[in-house]
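Reader: Please take a close look at how one part of this model is packed, and keep the criteria explicit as you go. I would like each term to come with its cut-offs.

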Amino acid sequence: MSGICKVVIIDKYPLFSSGIKSILFKNGQFHIVGEVESHRKLKGVLFKESVDVIIYDIVHSKYAGLKSLKVIQRKYPKIPVLLIVSQDLSNYYTEYCQLGAKGFVSIESGEAALIEAIQALHRGNVYFPDQFKKTYRKVISGKIDKPSLENSHPLTARETSILRLFCQGLTYKEIGVRLFISPRTVETHKNNIQSKLRVNSTAEMIRYAYVNQLIV
């Protein structure tokens, strides 16, 4: 595929995204059709413009960007997504591929890597760090299985409901109001959920929910 590559940038912080824009402007092969702070604002841009590549700064995204990436892939499956990642998110790389990301660029990479990655996605290819290509091939070939919630760590119906509400970003108090229980009871349920799933944080709990497709 040739010609100017149209991109949209998802970034919570304008100061960070300004660096990406500067690189693309200097290159001259790209046209930035939009810059939004969250996936929720993509619809407005894509309604007006066609886009070749979505650049998503997942480093500054809530819950490691798992929820947002899933929504983007469901709504815009034909537009390849390039993730700006960090080493701190390395535990999520497999899940990002399972959710449909087509490439990673580290925040520590140089300008050349960013340009090369965008061009690769624009041509219909993928772009991943050398050390992750083998894992990516296993993901797309189905050789990396997703753990089964039903078979390994069953939750009660109430625990599953609470887990889904945490994935929506609700607080203890908000979940309590929604389910007519106290915040303390919500906390107890959350502790039980984490114990059953063998996770140690809210982020890991939410990650498990997405990987196991508990969130519709």
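Author: What follows treats a contact of two helices and then an aromatic pair. This is a predicted model, in which local features need pLDDT of at least 70 and side-chain atom pairs count only at pLDDT 80 or more, while totals for chains, interfaces and linings use all residues. Residues are numbered from 1 along each chain as its sequence is written, and side-chain values use heavy atoms, with hydrogens and water left out.

The axes of helix H1, residues 14–27, and helix H5, residues 111–122, come within 10 Å and cross at roughly 70° (axes are lines fitted to C-alpha atoms over the stretch in contact, with angles from 0 to 180 degrees between N-to-C directions). H1 and H5 are therefore roughly perpendicular to each other, a label given to angles of 65 to 115 degrees. On the H1 side, Ile 20, Ile 23, Leu 24, Lys 26 and Asn 27 meet Glu 111, Leu 114, Ile 115 and Ile 118 of H5, contact being heavy atoms within 4.5 Å. The residues of this contact of H1 with H5 divide into 6 nonpolar, 1 polar and 2 charged.

Turning to the aromatic rings, the structure holds 4 aromatic pairs (ring centres within 6.5 Å; planes under 30 degrees apart are stacked, over 60 edge-to-face, the rest tilted). Tyr 93 and Phe 104 form a tilted pair, at 4.8 Å centre to centre and with 45° between the planes. Tyr 93 lies in helix H4, residues 93–98, and Phe 104 in strand S5, residues 103–106, so this pair ties together parts that are 11 residues apart in sequence; helices (H or I, at least four residues) and strands (E, at least two) are DSSP runs, numbered from the N terminus.

Note on methods:
Angles under 35 degrees count as roughly parallel, over 145 as roughly antiparallel, 65 to 115 as roughly perpendicular and the rest as oblique. Ala, Val, Leu, Ile, Met, Phe, Trp, Tyr, Cys and Pro count as nonpolar, Asp, Glu, Lys and Arg as charged, and the others, Gly among them, as polar. Rings of Phe, Tyr and Trp (its six-membered ring) pair if their centres lie within 6.5 Å; planes under 30 degrees apart count as stacked, over 60 as edge-to-face and the rest as tilted.
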